[in-house]
Amino acid sequence: MAGCLCASVVLCVIDGAIRKWVYQDSTPSFQAITYFAKDAPLVAAFLYSLGRGEAGRSEQLRSCLIVGTFAIAAGCAVKLQAYSPVGAVVSLRGLLFLPWLAYVAGPHCNGRWDLHAVGIAIGASAILNAFLGASQFALPLDHVLNQQSSSAVTAVGDVGRIRASGTFAYISGMAAMCIGACWVGAALILRNRASALGYACIVAGLACTSAAVSRSGTLVGLLLVVFPLLLINSGRVLLIALVATVVALYGFVGGVVGEVNTEEASLQTAVAARVQTADSFDERSSGTFSQVPDAIGNYPLGVGLGRAQSSAAAVSEQDAIYEYEPARIAYEIGLLGLLGTAVIRAGFIWEFWHARQRGGDAACTATGLTFSGLALVLTIVFDHNAATFWAVAMTVCLGARRIERRR
């Protein structure tokens, strides 16, 4: 199981690199080979787990998945004739396949070994992208490392720097890298306070999102570290030490002392500089749900599965008008589909909450509860990188039920 999850992480990380630096401007169908390659190990894990029986699978989570699946299917069926073939595959991956994968494969994970193996894969990927992103951050737009997946697309600049994309095809990949690294780093530290790999994952992840000048990646990454430590008594002292260290370092590099130079920010202050020049965290946070009433009011039945996926742009079928995931889901598959998605994600929250109450593995249940809770607002269905890290996290964290059953 660990091999499949690690392979998916690695393929997710190198997908963009291949599309940017190996076969730039190739046909969409050819690029799809690497785009979907990361799902092959996950499909293998799904099929392998199906053959090992139902032992350890939660009936409550299964009920949520079934109810959510029927609601999503009904939402898709209403506008079936208007779906986008390309985007529909990507949407169904995030809406249904990945949650079902976690449910089916999770109980067959070894909560301890698989977490460490995934930590190595994510940590190595985060460190690679941290160094690459730091280089891209200071390079000119036309440098070969800042080459995009299409010659018609140029690198994005902000606060006097390049918003690095690392090995990913999109800037959002670096934020997703941070999210995955902070999740596994927090889990490893909660398992062992002296885990050098855990600390390295968190530092590298935050470096990735800083190089991409991504405020959302920074915020979510920090929440994935802070909340699990708060949930566990033994982690609160460690949290205080971590916060004091971060504040001290941040003040040292000038993020607190003095005005941030918004003309040419450093890697350490880029996110703070962008906060000063762009919309606030409050505006972006409120925007997550403020678009939902408009989407439901204008498109109560949706416009067709996959129509809000960026991948549909390759065949001129993209017509998304909303930025945040809840509104985009409602835009695609209507209110019914949005409710179905919420039921599925709430099922994971309920599962980790009760596993924690019943004494499941603390590292996995605390980080799983936090990650599944944040999934209510994160972009998962419309970000294939974040979706991969979320699915791997949910699968590994559900492996904590094995430890719970032995107690």
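Author: Let's start with one idea: a residue is buried when its relative accessible area is under 20%, exposed when over 50%, and partly exposed in between. Keep in mind, too, that this is a predicted model.

Reader: Okay, let me try that out. Is serine 266 buried, partly exposed or exposed?

Author: Serine 266 has 26% relative accessibility, so it counts as partly exposed. You'll find serine 266 in the loop between α10 (233-252) and α11 (270-277). Follow the chain and serine 266 is 128 residues away from alanine 138, yet their C-alpha atoms are separated by 9.0 Å.

Reader: Since the model is predicted, how do I read its confidence? What pLDDT does the protein chain average?

Author: The confidence score, pLDDT, runs from 0 to 100. Here the protein chain averages 82, and 81% of the residues score at least 70.

Reader: And where does pLDDT stay under 50?

Author: One such stretch is residues 252-258, for which the model has 10 contacts beyond four places in sequence. The pLDDT is also below 50 over residues 314-318, a stretch with 12 contacts beyond near neighbours in sequence. Where pLDDT is low, the predicted coordinates should not be read in detail.

Reader: Now the inside. Which residues of the largest nonpolar core touch the most other members?

Author: When you look at a core, ask who belongs to it and who has many partners. This one has 95 residues, and Ile122, Trp183, Phe348, Phe371 and Trp390 touch the most other members. Helix α7 (residues 172-191) gives the most to this core, namely 13 residues. Apart from it there is another core of 5 residues, including Val159, Val213, Ala270 and Ala273.

Reader: Let me zoom in on tryptophan 183. Which residues is it in contact with, leaving aside neighbours within four places in sequence?

Author: Leaving those neighbours aside, the list for tryptophan 183 runs Leu115, Val118, Ile122, Leu224, Thr367, Phe371, Val392, Ala393, Val396 and Cys397. You'll recognise Ile122 and Phe371 from the core members that touch the most others.

Reader: How do I read a helix? How many residues does α8 have?

Author: Compare its span with the expected one, then see which residues are covered. Helix α8 (residues 196-211) has 16 residues, and from first C-alpha to last it reaches 22 Å, close to the 22 Å expected at 1.5 Å a residue. Its buried residues are Gly198, Cys201, Ile202, Ala204, Gly205, Cys208, Thr209, Ser210 and Ala211.

Reader: What does valine 213 do just after α8?

Author: Check the backbone angle there. Just after α8, valine 213 takes a positive phi of about 50°, and this is a residue other than glycine. Valine 213 sits in the loop between α8 and α9 (215-231). With a relative accessible area of 0%, valine 213 is buried.

Reader: Here's another residue in a helix. Is threonine 395 buried or exposed?

Author: Threonine 395 has a relative accessible area of 0%, so it is buried. Its place is helix α15 (residues 384-398). The side chain of threonine 395 reaches the backbone oxygen of alanine 391 at 2.7 Å. Leaving aside neighbours within four places in sequence, threonine 395 is in contact with Leu5, Leu101, Ala102, Ala105, Gly106 and Cys109.

Reader: Next, the rings. How many aromatic pairs does the structure hold?

Author: For rings, look at the distance between centres and the angle between planes. There are 6 aromatic pairs. In one of them, tyrosine 35 and phenylalanine 36 have ring centres 4.9 Å apart and planes at 75°; planes over 60 degrees apart count as edge-to-face, so this pair is edge-to-face. Tyrosine 35 is buried at 11% relative accessible area, whereas phenylalanine 36, at 30%, counts as partly exposed.

Reader: Which residues form one aromatic cluster?

Author: Those are Tyr299, Tyr322 and Tyr331. Tyrosine 299 lies in the loop between α12 (281-298) and α13 (325-357), and is partly exposed at 26%. Beyond four places in sequence, tyrosine 299 is in contact with Ile321, Tyr322, Ala330, Tyr331 and Gly334. Tyrosine 299 and alanine 330 are 31 residues apart in sequence but 7.4 Å apart in space, C-alpha to C-alpha.

Reader: One last stop. Where is glutamine 291?

Author: Glutamine 291 is in helix α12. At 19% relative accessibility, glutamine 291 counts as buried, because the cut-off is under 20%. Setting near neighbours in sequence aside, glutamine 291 is in contact with Tyr322, Glu323, Tyr324 and Ala327.

Methods. Residues numbered from 1 in each chain as written. Predicted model: local features only at pLDDT ≥ 70, side-chain atom pairs only at ≥ 80, totals over all residues. Heavy atoms only, no water. Core = buried A, V, L, I, M, F, W, Y, C linked by side-chain atoms within 4.5 Å. Buried < 20%, exposed > 50% of the residue type's maximum accessible area, 1.4 Å probe, protein only. Helix = DSSP H or I, 4+ residues; strand = E, 2+ residues; numbered from the N terminus. Contact = heavy atoms within 4.5 Å. pLDDT = per-residue confidence, 0-100. Expected span 1.5 Å × (residues − 1). Polar contact = N/O pair within 3.5 Å; in protein donor to acceptor, adjacent residues only side chain to side chain. Phe/Tyr/Trp six-rings, centres within 6.5 Å; stacked < 30°, edge-to-face > 60°.
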